[in-house]
Amino acid sequence: MFRILFLLFAGMGLGYLLRGRAVTRKTGQGVHVTICVLLFVFGSSIGSDASLMERFGSYGGQAVVIALLTTAGSLLAGVVAQRLIFGKGGRK
Amino acid sequence: MKGNLVVFVCFLAGIVFGAVGITPQWLHHPDLPVVLLSALILQVGVGLGADDSLRSMVRTLRPRMFLLPLFTIVGTLLFAALFALLPGCWTLPQCLALGSGFGYYSLSSVMIAHVGSASFGPELAAELATVALLANVVREMLSLFCLPLFARWCGSVAPISAAGINSMDVCLPGIVRCSPQSTYLVPLAIVHGLALEVCVPLLITLFCRV
């Protein structure tokens with residue numbers, strides 16, 4: 001947790017110092033490429049785990065239902081929070 | 001949408017390459033995801049720091065932002081409890097433990113496997129941990145790929161709730177991209193992710209010991 005916070009704030013400091021330079025305008029592309037690589041690595045770790053791949057079939061359905069339910073619940077909570085805390089249109 | 005498709009194809013390609021066994025061994029090094037995630041966070045930080053609207057973003061940090069994680073926890077757990085109503089599925093505390101990952105698949109599955117083995121037995125805890133891993137991966141994927149849809153249907157705050165713990169890292173660029181004019185969303189997403197990260201181990205321990 002603290003590593004993530006440290007990196008985030010260190011990056012913000014670095015970005016502030018480098019603002020206006022061309023390199024900072026390419027961070028969007030860099031973020032996209034890094035996410036792609038991260039997901040490829042994660043996917044390969046799942047694919048190479050034979051026992052996990054076998055269990056995908058039996059537990060996959062339950063996992064999808066739980067994921068859909070929890071995502072729906074949090075979306076609803078987000079809508080309620082937006083209305084109660086931040087005002088109907090967003091920020092109060 | 002094209003960007004999200006590319007991301008999804010990369011994930012699928014990873015699974016196929018891993019299953020076929022043609023990925024190099026160094027790709028499975030346990031430190032590699034940590035290094036990549038660190039690089040991602042650093043780049044997100046650089047992008048935020050270089051943004052001219054950073055000062056106004058910091059000024060938007062408000063105490064009421066800390067209420068959003070509470071809403072997310074309540075909404076998520078209420079809907080996770082519905083899973084216990086399905087016949088032949090898990091008990092209520094087990095369903096609540098499954099929902100308490102908030103997309104944090106690595107920590108939640110490991111914690112359920114360890115803490116749950118004392119309460120449910122090692123075999124059941126391992127099964128529950130596998131479902132937790134998959135469910136939280138699916139939740140992360142749903143958040144990552146459907147952020148624009150969530151923002152269109154439910155407003156700018158709901159995607160942060162749906163992203164769960166990933167609102168502060170993997171989903172942060174998408175959240176910003178969906179509502180670029182709302183500078184308060186970045187501190188809100190970070191506060192939300194941090195608060196949930198603290199709550200995940202606490203909630204899983206609680207529900208695995210009930």
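Two residues are in contact if their C-beta atoms, placed from the backbone, lie within 7 Å. The structure is a predicted model, in which local features need pLDDT of at least 70 and side-chain atom pairs count only at pLDDT 80 or more, while totals for chains, interfaces and linings use all residues. Residues are numbered from 1 along each chain as its sequence is written, and chains are lettered from A and ligands numbered from 1 in the order in which they are written.

**Exercise 1. The contact between the chains**

Determine how many residues each chain brings to the contact, and which helix of chain B gives the most to the side that touches chain A.

*Solution.*
Step 1. Chain B brings 76 residues to the contact and chain A brings 63 residues.
Step 2. Helices are DSSP runs (H or I, at least four residues), as strands are (E, at least two), and both are numbered from the N terminus. On the side of chain B that touches chain A, at least two residues each come from α1 (2–20), α2 (32–50), α4 (67–82), α5 (92–99), α7 (122–154), α8 (158–163) and α10 (185–209) of chain B.
Step 3. The most, 17 residues, comes from α2(B).
Step 4. Sorted by class, this side of chain B holds 51 nonpolar, 21 polar and 4 charged residues; here Ala, Val, Leu, Ile, Met, Phe, Trp, Tyr, Cys and Pro count as nonpolar, Asp, Glu, Lys and Arg as charged, and the others, Gly among them, as polar.

**Exercise 2. Leu40(B)**

Locate Leu40(B) in chain B, state whether Leu40(B) is buried or exposed, and list its contacts beyond four places in sequence.

*Solution.*
Step 1. Leu40(B) belongs to helix α2 of chain B.
Step 2. A residue is buried if 20 or more other C-beta atoms lie within 10 Å of its own, exposed if 12 or fewer, and partly exposed in between, with C-beta atoms placed from the backbone. Leu40(B) has 25 C-beta neighbours inside 10 Å and therefore counts as buried.
Step 3. Leaving aside neighbours within four places in sequence, Leu40(B) is in contact with Val31(A), Thr34(A), Ile35(A), Leu38(A) and Asp169(B).
Step 4. Leu40(B) and Pro173(B) are 133 residues apart along the chain, and their C-alpha atoms are separated by 9.9 Å.

**Exercise 3. The nonpolar cores**

Identify the residues of the largest nonpolar core that touch the most other members, and explain where this core lies relative to the domains of chain A.

*Solution.*
Step 1. A nonpolar core is a set of buried Ala, Val, Leu, Ile, Met, Phe, Trp, Tyr and Cys residues joined through C-beta atoms within 7 Å.
Step 2. The largest has 50 residues, of which Ile160(B), Ile175(B), Leu185(B), Leu188(B) and Ala189(B) touch the most other members.
Step 3. Domain 1 (1–39) and domain 2 (61–92) of chain A both give residues to this core, so it lies between them; the domain bounds come from an automatic or database domain assignment.
Step 4. Not counting residues up to four places away in sequence, Ala189(B) touches Ile160(B), Ser167(B), Met168(B), Leu172(B) and Ile175(B).
Step 5. A second, separate core of 40 residues includes Leu77(B), Phe102(B), Val115(B) and Ile204(B).

**Exercise 4. Two bent helices**

For α6(B) and α7(B), compare the span with that of a straight helix and find where each bends.

*Solution.*
Step 1. The expected span is 1.5 Å times one less than the number of residues. For the 16 residues of α6 (residues 105–120) of chain B, a straight helix would span 22 Å, but α6(B) spans only 20 Å between its end C-alpha atoms.
Step 2. The bend at a residue is the angle between axes fitted to the seven residues ending there and the seven starting there. In α6(B) a bend of about 30 degrees falls at His114(B).
Step 3. A straight helix of 33 residues would span 48 Å, whereas α7(B) spans only 40 Å between its end C-alpha atoms.
Step 4. α7(B) bends by about 70 degrees at Cys146(B), and Pro148(B) follows within four residues.
Step 5. The buried residues of α6(B), among them Tyr105(B), Met111(B) and Phe120(B), pack against α5, α7 and α10 of chain B.

**Exercise 5. Positive phi**

Find the sign of phi at Phe102(B) and describe the surroundings of Phe102(B).

*Solution.*
Step 1. Most residues other than glycine have a negative phi.
Step 2. Phe102(B) is not a glycine, yet has a positive phi of about 50 degrees.
Step 3. Phe102(B) is placed in the loop between α5 and α6 of chain B and is buried, with 31 other C-beta atoms within 10 Å.
Step 4. Glycines with positive phi include Gly121(B), just after α6(B), at about 95 degrees, and Gly155(B), just after α7(B), at about 95 degrees.
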